[in-house]
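Me: I should be grateful for a close look at one helix near the end of this chain, together with enough of its setting to place it.

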Amino acid sequence: MRIDKLLANMGFGTRKEVRTLLKGGSVRVNETPLKNGKTHVDPENDIITVGGEEVEYKEFIYLMMNKPGELISATEDANDWTVIDILQPEDQIFDPFPVGRLDKDTEGLLLLTNDGQLSHRLTSPKKDVGKTYFAQVSGEVTEEDVAAFREGVTLDDGYVTKPADLRILEAAPVSEIEMTITEGKYHQVKRMFEARGKTVEFLKRVSMGELPLDPELEPGEYRELTEEELEYLKKITNME
Ligand code: URA
């Protein structure tokens, strides 16, 4: 990879700014000053320093966010703030995008990455990765609803959902439930309850597979995934 591209990717400025940085002589590769931006370096093996500080190159970024209830799960939007807008600039330079979508008013676990392959696999219904939600639902959620969700319910457009596991935590007047689905149709949880004549008042994703939302993260906070968490996600999507 060209050194100017690598440094720009790592947030050292635009290509032009990086050229100036290189000309200034503060960039060294394996201790030798490097001034030509076109020179190719091997980010895996070369030791690259800027002003004496080693540059740790990474291609991919993997973030876990506790999405607050007022952001759009998209990379840009003409009218609303998106989940990308609240990332730090040093994370934005990796061009991450949300893995699947949560509705604007849905909170909770949202992964963001620039790794298209992992994202695709995590959201593919074929991979059967369970997404677990906590919800408050107006009206009484009953054992009949549990049985109906287990069978699959017919949504307003005629689509029959795959079996979903519904657990009742609290019964009426406002029921609290947890449910796990393995697909992600538009407004799926809300529409599944609508099919049963009930309305979701609050929705929060609490886990993907066995990966729970970090309880330390307040709404609007995020952190990088740990190595173990990333390995787990790759494992359940057969990436290693
Ligand atoms: N189901 C919904 O209805 N909304 C979400 O945001 C996620 C799942």
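Reply: The account below begins with the chain as a whole, turns to helix H7 and its surroundings, and closes with another helix and some single residues.

This is a predicted model, in which local features need pLDDT of at least 70 and side-chain atom pairs count only at pLDDT 80 or more, while totals for chains, interfaces and linings use all residues. Residues are numbered from 1 along each chain as its sequence is written, and side-chain values use heavy atoms, with hydrogens and water left out.

The protein chain holds seven helices and 13 strands; these are DSSP runs numbered from the N terminus, helices being H or I of at least four residues and strands E of at least two. Its C-alpha atoms fill a box of roughly 70 × 40 × 35 Å along the principal axes. Of the 240 residues, 42% are buried. Here buried means under 20% relative accessible area, exposed over 50%, and partly exposed in between, with a 1.4 Å probe and protein chains only. Among contacts with a separation of 6 or more, 63% join residues 24 or more positions apart, contact meaning heavy atoms within 4.5 Å.

Helix H7 spans residues 227-236, and its buried residues are Glu-229, Leu-230, Leu-233 and Lys-234. Viewed down the axis of H7, these fall within an arc of 135°, so they line one face of the helix; the arc is that of the directions from the helix axis to the C-beta atoms. The face turned away from this buried side carries the exposed residues Glu-227, Glu-228 and Lys-235. Against the buried residues of H7 pack strand S5 (62-67), strand S7 (107-113), helix H4 (116-123), strand S12 (211-212) and strand S13 (222-224). Just after H7, Asn-238 takes a positive phi of about 60°.

Two of these partners, S7 and S12, are among the elements that pack against H7, and Ser-207 adds detail on the residues in that part of the sequence. Ser-207 belongs to strand S11 (residues 199-208) and is buried, at a relative accessible area of 12%. Apart from neighbours within four places in sequence, Ser-207 is in contact with Leu-109, Gly-130, Lys-131, Thr-132 and Pro-212.

Helix H4, another partner of H7, is followed by the loop that leads to strand S8 (131-138), where Asp-128 is found. Asp-128 has a positive phi of about 60° although it is not a glycine. Most residues other than glycine have a negative phi. Asp-128 counts as partly exposed at 46% relative accessibility. Glu-31 also has a positive phi, near 75°, and is a residue other than glycine. Glu-31 lies in the loop between strand S1 (27-29) and strand S2 (32-33) and is exposed, with a relative accessible area of 68%.

Helix H5 (residues 143-151) can be read in the manner of H7: Asp-145, Val-146, Ala-148 and Phe-149 are buried. They cover an arc of only 165° around the axis, which puts them on the same side of H5. On the other side of H5, Glu-143, Glu-144, Arg-150 and Glu-151 are exposed. The cover over the buried residues of H5 includes strand S9 (165-170), strand S10 (174-181) and helix H6 (188-195). Just after H5, Gly-152 takes a positive phi of about 105°.
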